[in-house]
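Trainee: I have the model open. Can we go through it piece by piece?
Mentor: Yes, go ahead and ask.

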Amino acid sequence: MKRYFSPFCFLFMIATQFSCTEKELDDNTPIVTGFDQFVENDEAFEIIDLNIIELSPEKDVLLSSIERVAFTDSIIIVKSDHNLFSFDLKGKFLNKIGNRGRGHGEYVDLYSFFIDKERKEICIVDQYSRSFLYYNYKGLFLRKEVFESNDYCMMQASVYLGSDKMLCQNYILKDFKNYLFSEYDIQKKTYYNVMPTKLKTINTAESFGGTCFSVRKDDIKLIAPFENTIYKYKEKNTEPFLRVDIPKSRRIPKRTIKQIIKKRSFNFFSKVQLFTENYFAGFNDIFETDDYIFLNELPGATFFIINKNKMTGTYHEFLPAFDEEKEEQERFKTMPLINIRMSVDNKLVGFGDYWTMERYFSLFPDDCCDKWMILFKDYFNHLDKESNPCLLLYELSLK
């Protein structure tokens, strides 16, 4: 399999993590193969629908990036640079949700947010002031609730599970007894910690991935650093769901993992080094639809799609598009999946600003006849360099 690497790729990395150990657990967990074989997109799946949502600019509302996105049946919520904004389903700007500050209805810092679709409320998690701040869909402040500091964990991301409970993905910290995830009961103000880890950092809070949980109805799946396993979480119990068969040549030696644990050196740069040495860098994100599980290895560049019906997988690599050392760049044959960051219903959601999309567009063939490439080309040609990033919603059919 061809392998390319460029520092540009790491602009897309939210925090790539590590890989599996040499030891395989001896149980009946299903094994998914296919990770060692590069497959062209048109051989593995077909894009049957592509919807491009341009997030309209508004005075003083220019998004420099999109960190997280959430959908309801009527609005889109976007987190960008410690701010939260709402748009309608066509991308028209609606409201800013809350403001930074120390006054009534303001938050000190926006660590995470979640949506309670039953109550039609948006909650901003401000860990600096240990508060939940609730707003309605129009951005009107409703109430503030303080949570206890006992069993404190720094949340990177959270999702509402219903019944006043939320699932939190935590940062890896220096001196804490670290847990990768926590289930928090908002009413009782109690944590239930999930999946302990020996990983620690020297002096910073480090993410072990982008979106490392998938919540689909009552089905919750988790991924962990150092592992090729997808776990299923239900009623405070975690058990292996399936494992991806990683070639032995790409597995990180156990001694390397032990050194990372011993030296408390879990950080972004150690992960970059492992990837450059051609080790499996772990899955950064997990997203799920009715038919497949989508796993980002390197966001914006490499991913693995598991067919849930056949329990087989296909590996995809977009790194050639960003290899600046090649004299002649390779061209995409079909419309690429750009910066996939979530799934909603049966669609994958990616995003891109003008400069990111320009890089992809430059790798389209001059005579492209793929209808989705043509749609993307027509959209890109009318973009302004100062435009807000757009969302790309893909509906796939696996072959």
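**Helix α4 and its surroundings**

Mentor: Start with helix α4, residues 354–361, in this predicted model. Its buried residues are Tyr-354, Thr-356, Met-357 and Tyr-360.
Trainee: Where do the buried residues sit around the axis of α4?
Mentor: On the same side of α4, because they cover an arc of only 165 degrees around the axis. In general, an α-helix has 3.6 residues a turn, so residues three or four places apart point the same way.
Trainee: What covers the buried residues of α4?
Mentor: The cover includes β24 (347–352), α5 (371–381) and β25 (390–398).
Trainee: And which strands does α5 lie across?
Mentor: Helix α5 lies across β2 and β25, and runs at about 15 degrees to β2.

Trainee: What is the strand order in the open sheet of 4 strands?
Mentor: The order is β2-β25-β24-β23, with antiparallel pairing. At the edges are β2 (45–54) and β23 (340–344), each of which pairs on one side only. From one strand to the next, the twist averages 30 degrees.
Trainee: How many bridges are there between β23 and β24?
Mentor: There are 4, in the antiparallel sense. Within that pair, Met-342 has Val-349 in β24 as its bridge partner.

Trainee: Moving to the cores. Which residues have the most contacts inside the largest nonpolar core?
Mentor: Met-335, Leu-337, Leu-391 and Tyr-394, in a core of 52 residues. Strand β25 supplies the largest share of this core, 6 residues. A second core, separate from that one, has 38 residues and includes Ala-157, Ile-172, Leu-180 and Tyr-233.
Trainee: What does Leu-391 touch?
Mentor: Leaving out residues up to four places away in sequence, Leu-391 touches Asn-51, Ile-52, Ile-53, Leu-55, Ile-66, Val-69, Phe-71, Ile-76, Gly-350 and Phe-351.
Trainee: Any general background on that?
Mentor: In soluble globular proteins, nonpolar side chains tend to be buried together.

Trainee: Now a polar one. Is Asn-296 buried or exposed?
Mentor: Asn-296 counts as buried because its relative accessibility is 2%, and the cut-off for buried is under 20%. Asn-296 is placed in strand β20, residues 292–298.
Trainee: Which residues does Asn-296 touch?
Mentor: Gly-282, Phe-283, Asn-284, Asp-285, Phe-287, Thr-302, Phe-303, Ile-340 and Arg-341, if residues up to four places away in sequence are not counted.

Trainee: Different topic. Which residue other than glycine has a phi near 60 degrees?
Mentor: Lys-217 has that positive value. Lys-217 is in the loop between β15 (213–216) and β16 (219–223).
Trainee: Is Lys-217 buried or exposed?
Mentor: Lys-217 is exposed, because its relative accessible area is 77% and the cut-off for exposed is over 50%.
Trainee: How do β15 and β16 run?
Mentor: They run antiparallel and are joined by 4 bridges. Ser-214 stands opposite Lys-221 in β16.
Trainee: What sheet holds β15 and β16?
Mentor: An open sheet of 5 strands, ordered β1-β18-β17-β16-β15, with mixed pairing. The edges are β1 (31–32) and β15; each has a single partner strand, so one side of each is left without a neighbour in the sheet.

Trainee: What is the phi of Arg-130?
Mentor: About 50 degrees, which is positive although Arg-130 is not a glycine. Arg-130 lies in the loop between β8 (121–126) and β9 (131–136). Its relative accessible area is 32%, so Arg-130 is partly exposed.
Trainee: What does β9 form with β10?
Mentor: A hairpin, with 4 residues between the strands. Gly-139 in the turn has a positive phi of about 90 degrees. The two strands, β9 and β10 (residues 141–146), run antiparallel and are joined by 5 bridges. Leu-133 stands opposite Lys-144 in β10.

Trainee: Last, the whole chain. How many helices and strands?
Mentor: The chain has 5 helices and 25 strands. Of its 399 residues, 56% are buried.
Trainee: What about contacts and surface?
Mentor: Among contacts between residues at least 6 apart in sequence, 60% join residues at least 24 apart. The accessible surface comes to about 18,600 Å², and 47% of this belongs to carbon and sulfur atoms.

Conventions. Residues are numbered from 1 along each chain as its sequence is written. This is a predicted model: local features need pLDDT of at least 70, side-chain atom pairs count only at pLDDT 80 or more; totals for chains, interfaces and linings use all residues. Side-chain values use heavy atoms; hydrogens and water are left out. Buried means under 20% relative accessible area, exposed over 50%, partly exposed in between (1.4 Å probe, protein chains only). Contact means heavy atoms within 4.5 Å. The arc is that of the directions from the helix axis to the C-beta atoms. Accessible areas come from the Shrake-Rupley method with a 1.4 Å probe; for residues, only the protein chains shown count as cover. Two strands pair if DSSP finds at least two bridges between them. Axes are lines fitted to C-alpha atoms, for helices over the stretch in contact, and angles run from 0 to 180 degrees between N-to-C directions. A nonpolar core is a set of buried Ala, Val, Leu, Ile, Met, Phe, Trp, Tyr and Cys residues joined through side-chain atoms within 4.5 Å.
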